[in-house]
Structure formats: C-alpha cells, structure tokens
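Here are a few exercises to work through with the model on screen. Try each task yourself before you read its solution.

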Amino acid sequence: MTRATDVGLAACATCELVVRTNGVGSCPRCGEPVRFRKRHATTRAWAFVSAAAILYIPANTLVMMRTEQFPQHREDTILSGIAYLWSEGAWSLAMLVFTASIVIPLVKLISLGVLLVTTGQHSAWHRQGRTMLYRVLEVAGHWSMLDVFVVALLTAVVQLGRFAKVEPGPAVLPFAGVVILTMLASSSFDPRAIWDRGDNE
Amino acid sequence: MSEHEYSIPIVHPKRGRPSAVWIVPLIAIIAAGTLAVRSYLHTGPTIHITFNSADGIEGGKSEVRYKNVPVGRVTSVDLTPDRQHIVATVQLTRGGASLAVTDSRFWVERPRIGVGGVSGLGTLLSGAFIGVDVGSSTERESTFVGLEKPPGVTHDQRGTRYRLTTTDAGSLAPQSPVYVQRQSVGTILALDIAKDGKTVDMEIFVASPYDQLVTESTVFWNTSGLDVTLDASGLRVNTESLATVVAGGIEFGVRPTDPATPPAKENRRFHLFPDYRHAMAKPDEAGVALEMRFDEPIRGTAAGVNVEFEGVHIGEVLEIVPDYDETTRTFHFDARALVFPARLGPAYAKLVTEGTHRGLSGTEMLQLLVTRGLRAQIKSSNILTGSYYIDLAWFPRKGPTNVVAKQGVWVVPTEPGGSEKMEQHVESILAKVDRIPFEAIGGDISNATHAASSLLGHLDANVMPAMQGVLTRAEAAMGALRESLAALRDNVAAPDSAIQQTTRSTLEQLDRAAFSLRSLTDYLQRHPESLVRGRASGPEPK
C-alpha cells in the first residue's frame, strides 16, 4: 500500500489539511508545522514511558494517604487502601479504585511498551489491533488520575483538626507523574509509525 | 559521475547525541531514587515482641512510643507456635532503630488504676500502645519478651539500685514506693523469694539525688499497712501514708547515733527491718542464751515477750517449753530467752571490765550476779492489756543459788512473780466472797418479806374495819370530852364561877387556919408548960 509519505503528501496535524511537502514547512492554512511523522516520536515516547515506569514503583509502594480519624491513624498505600475498602465491604469502590489506580496505569505502560517495541522493529504483527490499542489508551488514559483527585478532594474537605484529618502521602506526586508521563508518552507516540515500512500486501 | 568533481561531504545521518527528552526519565529516576532513599531512611528494623495477651494491640494500628513519641508501628499480631503467647511484629522507624538493643524493655500501655494513682488515661481514647524503655546496651536485638506491666524505673531515670533481704515482705510488691523522710524517692523494682524459700529478696531503686542518702549504715524498714502494736506500752498505731496502708512501702534512714558513712555502692545488700522500732534499735552484738525455769503457770508469757533488766529491754523470750519433773511430780516451764547484755551500754562494759579484771568467765560473772540476788520473775507490765514480761530483778535476801550452764545456756533461777502473789491474794478473797451464802440470805430475806406482806394483808382485812369503828367512837368521845372541858372551863376557870369563889374562901380560911396554927406553935414553943397548965395570963404572944 502506498503511503502519503511516499508521494510527498502529509496532513496537517491540527487542521488536517493535506499538503504537498518534503517534510519541512508549515501548514498554509493554520501555520502549524507539517511533518510526515511526529518528531522524535519513538525517542520521546520511550523517555516518557521509562520515566513513568520508574515512578510507578514509588507510587505504589509509598503512602498515598494519611487519615487521622480519631482515635485511629491510618497510612495507606494504594494497594492497602484497596484492601481496606475490600475488607470494609466496599467491593465496588475497591474494584473501581483498583481499576483506575493500578490496572489502567499498568496497562498503559505495558501497552505503550509493546507499541514502541513493535514499532521500533517495524513489525507487521497485528497492525490493526495495535492501532486499536492505541485508541483505547488515548481514551482510558484520562481516567487514571482518580486516586490523585480523591486524595486532593479529601485533603481539602476533611480537615477537622484533631478528630479527622486527611493528608496526602509521598506517593501522590509519583502517581500523578505516572499518569501525566503516560499521557505524554501516548501523545508523543505516532500511531502512523505502526504502518511504516511495512511491506505488506 | 560528472565533470565537476565536487567532493561534497555527506551529513552524518545523526549524531549520537541523546535527545533532550531523556531528561524526563532522568528526573524520574532521581525523584524515585530520592523517595526510595527517604523511605528507606525512614524505616528502621523490624522487631518481634512476645506478650501474654494482645489485649489492645492491633496490627497495622498500634504504635510503639518512646516517651510518647511514635517510633514504630505494629504491623501484625500472631500467636506463637506453642499458642502460649502472642508475637507483635513491629516496624520501627529509622529514628526508633536505636531502640532495638538487648536490654530494651517493651510493655503494653493501657489505662491502669492502682493505689499509687491512675496512669495511661490517654490510651482510653487512643487505644493501647506499646511503650518502650530504651536500654543502655549497644548490642542489637530483634526479639524481645514484653513486660506485662510498665517497668517501675526506666533506664533514663538516674538513680541507684540496692538489694534488700527480709524474712517477711508483708504487703510489699513491685512498684511499692520507697520513702525517705516520708517522701517517695524510689520504688521496689522486683521481689523474689530466695532459693531456700525462707527469705525474700528485693531490688529497689532510689532516684538520684536521694541515692546519696543511702549510706553504708542506712537501715531500711517496712512501713506497710497499719502498724498496730499492743504491747507493754499500750496501743500504738503507725502509718506512713494512705497509699502504703494498701500498697505497702519501704522507708530508710540512719540511726541518729550512727556516725556518717560514705554512700553505699550500687547493688549493696541491706537487711529490711520489719518496722521502725526494729530498724532504729542498736544492732545487737552476740546474744546470750538464757533459760529460766518457772514453777508457776506462765500465763500471758509467750515467745516474743520482753526480758528486762532494771527496766531496760535487753532481750526476748524465744520459746517456752513445758516440762514435767518426775521426782517432784510438778509441771514447770522453761523459758528460753536471748538477751543482748550490750544493750546495757556502759554498764555492761563496766561489768565486763570487772569480770575480766577479776579473771571471771561469763558464767562466773553471772554466778556473781545471781549470788548478789539476781532472779528472773514474771511480771505484769500492763494490767489492762494483760501483757507480761520477764524481769531480771534483785532479791538480795535470797540465798545464793548456783547458776547452771548447760550446753552453753545459762540457767537463771526464778522467783514467783509479784503478780502471781497478788493474784493468789485476790483469789483467796474471791473464794471467801464465794463462800458467803448469798442464796440462803436471799431466801431468808424473801421469806421475811413474804411474812411482812401477809401480816400487812391481815391487818388490812381484819383490823382496819374495827379500827374504823374505834376511830369513830373515839372521835365521839373526843367531842364529849371537848364539851366537858368547855363546861369545866366555864365552871372552874371563870372568875365568877362558884368553884372559884368557894375555893378562894376555902383557901382564905385555910390561910387563917395556918396563921392560927403558927401562933399556936410559937406560943407552945415559948410556953411548953401551957400544954399541961393551960394558958397563962399575960400578954398574948406576938
């Protein structure tokens, strides 16, 4: 299949105007620089994914939230919080938090990793499926900040002096970092690269 | 290719310079590394503490606190494999890591109400926590056996530990206070029965700077409970404070007469006296065993009664052994006493000097005293309480008796007690009183009363009616009498009554008759012959 790149055509990333280009220059309609592919897409995506993967460890091992509910004092990591919710009988909530805070970031990291590796190898393996995976990533990625939102909200709302207090733990920033970095990674990844140099049918 | 042989350099496809975006993972690594290091620095070692019960301890919740500063958290509570105890696994913080040394002690802080006060009230709301007393050792340890009660003294309290030995610990227990001058300055740390089971060993702690007051000559005594003494001096009640009445306590001090001595060393062993009196008594030198044989009943005399000499308490009776003499077929009682003649002070010293000067042995010296009239006698010291003591008193008129020394025991001759004599007197008086036939006397009195009573009844029944008639008649008679008397007065006493007049004329005639009679007698005196011759003529005698 002939690619647009092969005939010197490219679409503006912003206004989607198709222009003839040699890979340098900007869109005559909106002024956005037009490239055949996102610049340094793979490198950037790799950098962001690896940073996110690194931060994923402290985000899950450190304390996410400190609750002071007189006379109890709790310190919860994401996992222990989920376990606490589960033991308290709030299964649906536990599942929700588990999905939003553990599964989605992990799936994003792994998926991005898979996409980057396969793209780097110019693999022809399940190109359509990989494209679909990317689309899902883009959509689901927005929902993985749940934990940070919960902590931020509780910290602001629950401040009853001695009796009840919620404080963010050191895991909040790495967690937010994981979410942001995975979003950056997925946005810097160029899905068109999936189809590059594939000499299929 | 063409005629223009340009040698145009070809750009390198791409220099190996890394993209600036790699700064992002670098930052992530640094951030994660920092967090990891911080987290690592914050976490200390994990230790295991064994307790009898997990009451109040919860995994993931209970804290470990040193001086009320959280230094760790119980992560889990499990049973020991033998199911006898529980093991609390504690994650210490980095700052609390230094707590895990061999001689650190852990206990569960719960609300406690004791005689000494209330403690751990805060744990009512916050829940129990594990308290820790950090040891001074530097050797690391990760397994501990928790205390069931907070230790009386923590390592950071400065002071000195001493050991006490006593035969009777009374109500003393660990945590009982130690007083000096009635101020609490320490506590009993531990209390243990000695291996032979006869004495009780105690470890006490005296806080600094009061440990300077514990000197080599310090005496300790028990101030537990109420010290109620009923003895020769009467009734005495001594208490330290209300707390010691219940919880017991120890006080220490020095005897006023003792010279100042340097402070005692740590773990110095002292004797714990049962009470203040015993503690303040001069320490006795070697005691002398005495035996006294009493032929009289030893009522009121038992082990522990005083032996006095000239009013000085010099010893105590150890035991009283009843004995039977086959030859005289009488009972007697051997009172074995331990006396401390040194309590006589200078007097004893002089006696000893005298004895040694004369080259007399102790027995001979006693023999000398007995020869001078020394005897043992049971005396009543307090009639109210009925207590007795044995008095070593002088009876100079008694002849010398030999002192027998058997098996190192000196037998002192005895004398029937004064009280015994008095009692005999009283008894004989009572016997006499007893012999008075109170019953018969009472019967007689009763009979007499009965007779009198019946007599009165008889009088009442028979005499009184007659008496009434008599009285009526007597009254009538009296009326008649009164009338007669009135008539009589009218007849006799009135100046113009006939009787008066007749009487008066009679009396006048009588007067005249008397006059005539007198002139006759006068005449007859002067002229007695007239009786014969008759009246001579002549002048009429005057």
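**Exercise 1. Find how many residues each chain brings to the contact between chain B and chain A, then describe the side of chain B.**

Step 1: Count the residues. Chain B gives 16 residues and chain A gives 18 residues, where contact means that C-beta atoms, placed from the backbone, lie within 7 Å.

Step 2: Look for the elements. On the side of chain B that touches chain A, α1 (23-42) and α2 (123-126) of chain B supply at least two residues each. Helices here are DSSP runs of H or I with at least four residues, strands are runs of E with at least two, and both are numbered from the N terminus. The largest share, nine residues, belongs to α1(B).

Step 3: Sort by character. That side of chain B has eleven nonpolar residues, four polar and one charged.

A quick note before you go on: this is a predicted model, in which local features need pLDDT of at least 70 and side-chain atom pairs count only at pLDDT 80 or more, while totals for chains, interfaces and linings use all residues. Residues are numbered from 1 along each chain as its sequence is written, and chains are lettered from A and ligands numbered from 1 in the order in which they are written.

**Exercise 2. Trace the closed barrel of chain B, and say what surrounds β14(B).**

Step 1: Follow the strands. The barrel has seven of them, in the order β10-β13-β12-β11-β17-β14-β18 (chain B), and the pairing is mixed. Two strands count as paired if DSSP finds at least two bridges between them.

Step 2: Take β14 (residues 219-222) of chain B and β17 (residues 250-253) of chain B: they pair antiparallel over four bridges. Asn222(B) has Ile250(B) as its bridge partner, and Phe220(B) has Phe252(B).

Step 3: Now turn to β18 (residues 269-273) of chain B, which runs parallel to β14(B) and is joined to β14(B) by two bridges. Here Trp221(B) is partnered by Phe273(B).

Step 4: Check the faces. Val219(B) and Trp221(B) on one side of β14(B), and Phe220(B) and Asn222(B) on the other, are all buried (20 or more other C-beta atoms within 10 Å of a residue's own, C-beta atoms being placed from the backbone).

**Exercise 3. Order the strands of the open sheet in chain B and name its edges.**

Step 1: The order is β5-β8-β2-β3-β4-β1-β9 (chain B), seven strands with mixed pairing.

Step 2: β5 (105-109) and β9 (143-145) of chain B are the edges, each pairing on one side only.

Step 3: Inside the sheet, β2 (residues 63-66) and β3 (residues 69-79) of chain B pair antiparallel over four bridges. Arg65(B) has Pro70(B) as its bridge partner in β3(B).

Technical notes:
Contact = placed C-beta atoms within 7 Å. Nonpolar A, V, L, I, M, F, W, Y, C, P; charged D, E, K, R; others polar. Buried ≥ 20, exposed ≤ 12 C-beta atoms within 10 Å, placed from the backbone.
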